[in-house]
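Welcome, and please open your viewer. We will walk through this structure one selection at a time.

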Amino acid sequence: MNFQTCVNIQKEWDIVGARQLGRDRAKEIGFGTVDQARIATAISELARNIYLYAGTGKICFEMMNDINQKGLLVIATDNGPGIKDISQVMEDGYTTSGGLGAGLPGVKRLMDEFDIISDPGKGTEIRAIKWVR
């Protein structure tokens with residue numbers, strides 16, 4: 001059974017809420033503490049990007065239950081300005097906020113699957129999956 005829960009990102013405190021809910025879901029699915037931390041870190045990055053660049057959006061979690069594996073799908077969506085050059089933001093060290101630039105490449109490394117769709121002027125959707133090993 002796949003059910004989805006979401007956290008609206010509207011203020012900075014919502015980043016913490018999304019991170020905690022994601023960690024709780026990861027624990028329920030059966031991830032160990034290291035992977036729970038990886039997932040929570042990825043969620044923090046995605047939620048912070050929504051807050052900083054789009055203003056508002058949401059982070060949703062869906063438990064994946066395939067025939068031979070379980071996992072957590074994290075979906076970050078916003079109606080912000082979108083990303084003009086996805087290949088640029090996927091470069092290590094690229095930053096527009098003055099941060100460390102771990103950003104989206106860091107999320108991609110922390111998760112097992114990563115997909116980004118962005119429409120400049122309309123928003124961005126990022127889907128990332130971590131599978132239980």
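Start by selecting Lys70 in strand 3, the bridge partner of Asn65. Before we go on, know that this is a predicted model, in which local features need pLDDT of at least 70, side-chain atom pairs count only at pLDDT 80 or more, and totals for chains, interfaces and linings use all residues. Residues are numbered from 1 along each chain as its sequence is written, and side-chain values use heavy atoms, with hydrogens and water left out.

**Stop 1: the paired strands**

Now widen your selection to strand 3 (residues 70–78) and add strand 2, its antiparallel partner over 9 bridges. Two strands count as paired if DSSP finds at least two bridges between them. Helices (H or I, at least four residues) and strands (E, at least two) are DSSP runs, numbered from the N terminus. How many residues lie between strand 2 and strand 3 in their hairpin? There are 4 residues between them.

Next, add strand 1, which runs antiparallel to strand 2 and is joined to it by 6 bridges. Pick Val7 and look across to strand 2: Ile59 stands opposite. While you are here, colour strand 2 by accessibility. Of its 9 residues, 7 are buried, so this strand is mostly covered. Buried means under 20% relative accessible area, exposed means over 50%, and partly exposed is in between (1.4 Å probe, protein chains only). As a general point, in a regular strand the side chains alternate between the two faces of the sheet.

**Stop 2: the disulfide**

Select Cys6 and Cys60 and show their side chains. These two form a disulfide, with their sulfur atoms 2.0 Å apart; the term means a pair of cysteine sulfur atoms within 2.5 Å. A search of the whole structure finds 1 disulfide. Turn the view to look at the S-S bond: the angle about it is 105 degrees, and the link of Cys6 and Cys60 is right-handed. Which parts of the chain does the pair tie together? Cys6 lies in strand 1 (residues 4–9) and Cys60 in strand 2 (residues 57–65), so the link joins parts that are 54 residues apart in sequence. Switch on the surface and look at both ends: Cys6 is partly exposed, at 38% relative accessible area, while Cys60 is buried, at 4%.

**Stop 3: two residues in helices**

Move to helix 2 (residues 33–54) and click on Asn49. Is Asn49 buried or exposed? Asn49 counts as buried, at 17% relative accessibility. Leaving aside neighbours within four places in sequence, Asn49 is in contact with Ala54 and Leu104. Contact here means heavy atoms within 4.5 Å.

Then go to helix 4 (residues 103–110) and pick Pro105. Pro105 is buried, with a relative accessible area of 7%. Not counting residues up to four places away in sequence, Pro105 touches Val89, Met90, Glu91 and Asp92. Try the distance tool on Pro105 and Val89: they are 16 residues apart in sequence, and their C-alpha atoms are 7.8 Å apart in space.

**Stop 4: salt bridges**

Side chains of opposite charge can pair when their charged atoms come close. A salt bridge is a side-chain nitrogen of Lys or Arg within 4 Å of a carboxyl oxygen of Asp or Glu. By this rule the count comes to 9 salt bridges.

Return to helix 2 and select Arg38 and Asp35, which lie 3 residues apart, about one turn of the helix. Their side chains meet in a salt bridge (2.7 Å, N to O). Arg38 is partly exposed at 35% relative accessibility, whereas Asp35 is buried at 14%.

Next, select Lys130 and Asp112, whose side chains meet in a salt bridge at 3.6 Å, N to O. This pair links distant parts of the chain, 18 residues apart: Lys130 is in strand 5 (residues 123–131), and Asp112 is in the loop between helix 4 and strand 4 (113–119). Lys130 counts as buried, at 7%, and Asp112 is partly exposed, at 29%.

For your last selection, show Asp35, Arg38, Asp112, Lys130 and Arg133 together. What links these five residues? They are linked in a network of salt bridges, and both pairs you have just visited, Arg38 with Asp35 and Lys130 with Asp112, are there to find.
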